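Visitor: I am new to this structure, and I would like to learn how to read its features one at a time. Could you take me through them?

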Amino acid sequence: MQVSNARPSAELAPNKPKRRLSPRLRGNLAAYSYMSPTILVMAVMMATPVVMVFIYSMLSNVVMVKDSEFVGLDNFVQLLSDPVFRKAIGNTLIFTVASVAFHLILGMVFALMLNSGLVPRWLSALFRAAFIVPWVFTASIVVILWQLLLNPSGVVNYLLRTFNILGDRVEWFSNPSLALFTVIFINVWAGYPFFMVSLLAGLQGIPGELYEAAQIDGAGPWNRFFHITLPQLKPIIVAMAMLDFIWNIQHFSIVWLATGGGPLNATETIATYTYKLAFSKHQFSVAAASGVVLFVVSMIVALAYVRQQKGRD
Amino acid sequence: MQRMLAKVAAFGLAATLALAGCSSGSGGDASTPGQTPGGGEEITLDFSQWWEVELPPGMMRGLMDRFEEANPGIKVNLISNPYSATVDLQTAAAAAGTLADIVAINGASVYDLKTQGAITNLSTLMDDAGFDPAQLVSNDQIDGATYMVRALNFAYPMYYNSDLLNAAGVTELPDTRSEFEAAAKAVTDPDKNIFAWSLPINVQSPAGFDSQAWLWASGGRFLKDRKPNFQTPEIAKWLEFLKAQYDGGFITPGAFTQAEQQKVEEFTAGRNAMMNGSLAHIGGIRESNPDLNFTIGFVPTEDGFTGKRGLAGASWGMGIAENSEHKAEAWKLIQYVMSTDINSELATAATGFPGSVDSVPGYVDGDPLYELAFKVYQESEFVTELEGLPQALDLNRNLNENLVRLLQGEATVEQTQASLQEYWSGVLG
């Protein structure tokens, strides 16, 4: 008897029941249908604006004229040839790296202090509330507060002059060589509590036995910190640093409210530069190109963050 | 499975685009039709403005309620935000074609909105409604047509702290730059935190006319036939005056990032002897510091100047969106705001000068300070040189950046003039 491997055609097998979806595929489809509202919302709220900005960055004078033309990478060339943009890149990097570093250092110091057991419980609760206060304020309140304190006729200058630390009043925001340092300081003050809270949670999760064993082996406080605390906190530190980097590289509000990128572009960041391009010069296409540059850098760090999280899982 | 996923993704994308299309389509018409009790179509006009935020509570809504009563079937929805937020939102809405039916604008934004095709030609609407433009104090035109109607004008005279000046032995208000310099020298006392005046030249929100007022007072101008004209002896003398004031230490420290409001606070707190500011500040100063003894006067002019003094001014204007489907009704609202009584009421509340020729602000009678201010206004030429220019905000920002460079010692007067001429020529042609 000869057996044919050929499948019967549809004409030859009219009564064959329809192929059913496999249970796994059905399961996946159900899952995707449940997720579809979220996917839809994300597509509309996130993907569409991003795609539009990419498209705008390659059109001429978009928004201001109705018949924009495709100009390829011209807007990027114009952007990169502007010395103010290059200065903004440098300032943004200094602002971001310094902010992340000091957020981490201050957050760690305060978290260690609150977790040390040296501070009485009631005082620790008080400190915890006090240290978190900067995080509660909105950017505008933070800036107004520090503008009052750092005003040339304000409290800080008064104290510095009264105690003969400085002879002349200091123009913290108006002096081009001090302005960037001042806005970084304010940003560090406003942002360290987030690190402190996260690191404190991490510290409280480290088993006490590790420290006891190390102590028995003769490890001092520095050794315990570098060989137990830091390695145990490493996943949190790395994740927080990456997130903070992304937040700070596109930071706008504090810098804008305090100095607007001035004086003499001393505090110009990519975010303030982009805002001025769009809403002052009305060069929306070049502003979109600037936004794309910021987006790409943020995405690189975001992807690194996702990989780090996956590796951790 | 991959094909299935691709289909799901394609469906999602199509749905997204459809949704986006729907949203942009519906956004084009800012006003909302409904039904009146009588069965006619009721429309709602959106009015985007910053006025409600700056006027006494309930004032703006009250005016709109009276308009609605007088015009059955028309409702007004006030969209109120601070000035800078209103301007930013308008720029974005103009691009998206979703501008509110009526928009509060001023000379800094009118040209750009017109260029975007976002605001409509009001001359046509005036003709259709039989409105005589001669009723307007000023009828600024771009390319021969009106795009903005000025509801109010705000004058920026000089404020003088009488007590500080008297204590320094200055018995008469300075009339010339030399007299001002002498007065500034006499009152400035850094140890007591007292300075002659503030010069806020920040770049985030360049407002006020603290630097420009000195040039305009003496008849100088930035433009000639709407083209930049910075390389003149008047501009050089003006820059030299500002530089001398800064180098002399008469200006409150922190000028490069100081905001308009901080300047007013310095004067209100009695730390500045003089201030150039809007008349609208009188009420706020009196409320915050009732004991402050101050008066109003002219901005001092260049020594030997004999012409008519210039007085810096700003405006609250109104325009109608090109995308509005109810332009005639929107014009009705503008005409209502410009009517004699309503315009007087608005001017009184905002401490501005009416945009309608027949209106008289109520504050003028009885208050000596306002009477003095009105006298200064009447005897001066109202200067709004930067209004109606393309990218007016950017030009102001560039002016401040150049002034910072000059005062910081990083540019000479000549270099500042050349830099301003070059940048402004790039924008204005």
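Guide: Gladly, and please keep in mind that this is a predicted model. We can begin where the chains meet: 29 residues from chain A and 33 residues from chain B make up the contact.

Visitor: Which element gives the largest share of the side of chain A that touches chain B?

Guide: That is helix α1 (residues 23-56) of chain A, which supplies 8 residues. Sorted by class, the side of chain A that touches chain B holds 14 nonpolar, 11 polar and 4 charged residues.

Visitor: How should I read the sheet in chain B, and in what order do its strands lie?

Guide: One follows the strands from neighbour to neighbour, and here 3 strands of chain B, in the order β11-β8-β12, form an open sheet with antiparallel pairing. Because β11 (274-276) and β12 (294-297) of chain B stand at the edges with a single partner strand each, one side of each is left without a neighbour in the sheet. From one strand to the next, the twist averages 25 degrees.

Visitor: How many bridges join β8 to β12 in chain B?

Guide: Strand β8 (residues 158-161) of chain B is joined to β12(B) by 4 bridges, the two running antiparallel, and Asn161(B) stands opposite Phe294(B) in β12(B).

Visitor: At what angle do helices α4 and α7 of chain A pack?

Guide: Helix α4 (residues 121-136) of chain A packs against helix α7 (residues 179-204) of chain A at about 125 degrees, with their axes 7 Å apart. Angles over 115 and up to 145 degrees count as oblique, and α4(A) and α7(A) are therefore oblique to each other. Their crossing is left-handed.

Visitor: Which residues of α4(A) and α7(A) meet?

Guide: Among them are Phe131(A) and Trp135(A) in α4(A), and Trp189(A) and Phe194(A) in α7(A). The residues of this contact of α4(A) with α7(A) comprise 10 nonpolar, no polar and no charged.

Definitions and conventions. Residues are numbered from 1 along each chain as its sequence is written. Chains are lettered from A and ligands numbered from 1 in the order in which they are written. This is a predicted model: local features need pLDDT of at least 70, side-chain atom pairs count only at pLDDT 80 or more; totals for chains, interfaces and linings use all residues. Two residues are in contact if their C-beta atoms, placed from the backbone, lie within 7 Å. Ala, Val, Leu, Ile, Met, Phe, Trp, Tyr, Cys and Pro count as nonpolar, Asp, Glu, Lys and Arg as charged, and the others, Gly among them, as polar. Two strands pair if DSSP finds at least two bridges between them. Axes are lines fitted to C-alpha atoms, for helices over the stretch in contact, and angles run from 0 to 180 degrees between N-to-C directions. Angles under 35 degrees count as roughly parallel, over 145 as roughly antiparallel, 65 to 115 as roughly perpendicular and the rest as oblique. A crossing is left-handed if the near helix is turned anticlockwise from the far one by less than a right angle, and right-handed if clockwise.
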